[in-house]
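Work through the exercises below with the sequence and the model open. Try each task before reading its solution.

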Amino acid sequence: MRARLVRGAVGGVTLGALYGMAGCGSVEQDRDLGVVASAERGFGVGLLLPGGSGRTDRDRHYIRDELAAQCPKCRLFFADANGEADLQLQQVDLMIVNGVKVIILDPVDDKAIASAVTRAHRKGVKIVAYDRLPAGPVDAYTSFDNVQVGREQGLALLAAIKKGGDPRRGDMVMINGSPTDPNTAEFKKGALSVLQGRVRIARSYDAPNWRPDLAAAAAAAAFIALGPRRIVGVYCANDTMAGGVSVAMRKTGVRPGTPLTGQDAALDAVQRILLGTQTMTVYKPIRQEAKNAVRSAVALVSGRRPPSNRTVSNATGHSVPASIINPVAVDRSNVKETVVKDGFWTVRAICTREVAAACQAAGLT
């Protein structure tokens with residue numbers, strides 16, 4: 001029996017949004033008794049990413065490359081949920097129908113996806129949680145130490161605020177991530193473990209789906225309400241939102257150089273750090289995360305235990321073997337030793353004409 005991945009609109013997926021990156025078309029579903037999927041024979045791997053992030057293309061390509069290296073006969077099938085939880089539920093079901101043996105899943109909404117995770121489990125499809133931990137019977141998980149991400153942001157922000165004097169001399173604003181992203185609470189927990197009681201957090205907002213426009217609007221409203229000259233620092237959970245927030249800071253009259261955090265080491269964020277309009281970002285070596293995800297997928301389908309360095313519990317109380325990676329704080333002083341050294345960005349990509357002078361001043365040549 002063959003079930004075909006449709007290349008047209010399926011459940012709201014636009015043409016070309018759902019396709020096989022390592023061999024498209026159909027996925028053979030093994031129905032014969034005694035047939036066991038293996039890396040030697042190859043099998044279908046589903047990759048479901050949430051969208052709404054500048055990371056999507058990089059994650060997809062790293063996972064594609066790792067799968068080609070670790071399981072050359074495997075076929076990768078990809079779908080982007082465009083930030084829509086209901087659409088991602090349909091995408092899980094489509095992957096199951098088309099016979100994939102394992103799904104690498106980064107959920108839009110960790111709780112909403114639980115029913116689809118359960119259906120996959122009942123069909124014998126393994127679930128490798130990628131970056132975010134969904135509810136339900138998950139088989140393996142790989143991500144970063146998300147509480148430590150928040151701590152790194154908080155430490156850098158507090159240090160930068162202290163350079164201007166008493167950290168409680170004015171107001172701080174927090175722009176957190178999406179409330180449906182389980183990592184958001186961990187980032188916030190880590191940041192507050194450093195900041196609470198040491199600075200005056202006057203406003204705190206969660207940005208639905210990590211939308212930079214909503215983040216910028218909330219930040220601008222806070223700056224105006226509090227008085228832009230009273231703002232001593234802004235905690236922003238990721239770089240995409242920090243781009244919009246930095247514009248809001250400038251337009252509302254927040255003092256130039258006021259500390260601003262980020263996450264993901266986006267190219268424009270690294271450039272803002274060099275130019276002095278963002279204080280720091282958090283670099284997460286996602287090539288290793290992709291490698292861990294593929295290792296787990298191949299191990300699970302081959303009947304082996306997935307690699308792990310700890311065990312975590314998800315929202316439904318399932319104990320999940322996890323491979324957790326440490327994040328790295330990046331500021332103006334260590335761009336060359338972090339994102340450039342790892343090949344995440346090249347000096348040429350970073351040091352455009354607008355940033356050339358800042359690059360030279362930072363020794364980034």
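Ala 265 is buried, with a relative accessible area of 0%; buried means under 20% relative accessible area, exposed over 50%, and partly exposed in between, with a 1.4 Å probe and protein chains only. This is a predicted model, in which local features need pLDDT of at least 70, side-chain atom pairs count only at pLDDT 80 or more, and totals for chains, interfaces and linings use all residues. Residues are numbered from 1 along each chain as its sequence is written, and side-chain values use heavy atoms, with hydrogens and water left out.

**Exercise 1.** Describe the backbone and surroundings of Ala 265 and Asp 264.

Solution.
- Step 1: Ala 265 lies in the loop between α7 and α8, where helices (H or I, at least four residues) and strands (E, at least two) are DSSP runs numbered from the N terminus.
- Step 2: Asp 264 belongs to the loop between α7 (239-252) and α8 (267-275).
- Step 3: Most residues other than glycine have a negative phi. Ala 265, not a glycine, has a positive phi of about 55°, and for Asp 264 phi is positive too, near 105°.
- Step 4: Asp 264 is buried, its relative accessible area being 16%.

**Exercise 2.** How do α2 and α3 pack?

Solution.
- Step 1: Take the angle and distance. Helix α2 (residues 85-97) and helix α3 (residues 114-122) pack at about 10°, with axes 9 Å apart; axes are lines fitted to C-alpha atoms, for helices over the stretch in contact, and angles run from 0 to 180 degrees between N-to-C directions.
- Step 2: Classify the angle. α2 is therefore roughly parallel to α3 (under 35 degrees; over 145 is roughly antiparallel, 65 to 115 roughly perpendicular, the rest oblique).
- Step 3: List the contact (heavy atoms within 4.5 Å). From α2 come Leu 89, Val 92, Asp 93 and Ile 96, and from α3 come Ser 115, Ala 116, Arg 119 and Ala 120.

**Exercise 3.** Does the length of α2 agree or disagree with its expected span?

Solution.
- Step 1: The expected span is 1.5 Å times one less than the number of residues.
- Step 2: For the 13 residues of α2 this should be 18 Å, and the end C-alpha atoms are 19 Å apart, which agrees.

**Exercise 4.** At what angle do α1 and α9 pack?

Solution.
- Step 1: Helix α1 (residues 56-70) and helix α9 (residues 286-301) pack at an angle of about 50°, their axes 9 Å apart.
- Step 2: That angle makes α1 oblique to α9.
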